[in-house]
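User: I would like to go through the strand pairing and the core of this model, one point at a time. Please state the criteria as they come up.

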Amino acid sequence: MIFFPRFRALRTSRPKGTLPQRLARGVMLGCILALVVWAFNANVRNRLAKVREDAVVRDEIGLVSEKDRKQFADLSQAFEKNFGVALSIRILRGEPPAPGEETPMRAIIISLYPQPKAARISLPPLVLAAVGEPLRRELEQQYLALGLERGYVVEGLVKTLKVIWDKIGGEQGAGPPPS
């Protein structure tokens, strides 16, 4: 160790303080480390919850509040847990696609277009069999499109999802949807 003469002196020196002082420093260092790990874990959980909320509701116009986003994320989790289908709500600019263009396999996709005041509900085949095509069209026209015209977007979404929940869960006894 010719190049680092002070390193040898540092290596051979003993920690300063008595045994209780050294133990107290070790305990404080452990507490700080535990606090950092806890804060990191809490931050990751909050960010994942935000990502989950953003994945459920895609709102390009800003019609859905943060509180409603969280409730729709919880409802999506309930749909996933009880029925195995995810929920996706899209409020988009522009013109709606032609009916039947999008057939999801494991997700209920509700697309709202405020400018032409149109709505589309895309259901997986098994959910469509439980709900029925006439009821799907009725939900699009009466609850969603009418809600867009009158400015009751969230209420129309909630009523639509409640009807779908009741139709799917009626035979399975899934109970009422979470509020």
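Strand pairing and core

Analyst: D59 stands opposite I91 in β2, where strands (E, at least two residues) and helices (H or I, at least four residues) are DSSP runs numbered from the N terminus. The model is predicted, so that local features need pLDDT of at least 70 and side-chain atom pairs count only at pLDDT 80 or more, whereas totals for chains, interfaces and linings use all residues. Residues are numbered from 1 along each chain as its sequence is written, and side-chain values use heavy atoms, with hydrogens and water left out.

User: In which order do the four strands of the open sheet lie?

Analyst: Two strands count as paired if DSSP finds at least two bridges between them. On that criterion the edge strands, each pairing on one side only, are β1 (57-59) and β4 (118-122). The sheet has mixed pairing, and its order is β1-β2-β3-β4.

User: How many bridges join β2 to β3?

Analyst: One residue pair that shows this register is S88, which stands opposite I109 in β3. The two strands run parallel, and the number of bridges joining β2 to β3 is six.

User: What angle does the direction of helix α2 make with that of β1?

Analyst: β1 pairs with β2 (residues 86-91) in the parallel sense over three bridges. Helix α2 (residues 19-56) packs on the sheet and touches both β1 and β2, contact meaning heavy atoms within 4.5 Å. Axes are lines fitted to C-alpha atoms, for helices over the stretch in contact, and angles run from 0 to 180 degrees between N-to-C directions. On this basis the angle with β1 is about 65°.

User: Which element gives the largest share of the largest nonpolar core?

Analyst: Such a core is a set of buried Ala, Val, Leu, Ile, Met, Phe, Trp, Tyr and Cys residues joined through side-chain atoms within 4.5 Å. Of its 32 residues, F72, F79, I108, L112 and I164 touch the most other members. I164 touches F79, I108, L123, V127, V131 and L139, not counting residues up to four places away in sequence. The largest share, seven residues, comes from α6.

User: Is S111 buried or exposed?

Analyst: S111 lies in strand β3 and, leaving aside neighbours within four places in sequence, is in contact with R90, A118, A119 and R120. Buried means under 20% relative accessible area, exposed over 50%, and partly exposed in between, with a 1.4 Å probe and protein chains only. Because its relative accessibility is 3%, S111 counts as buried.
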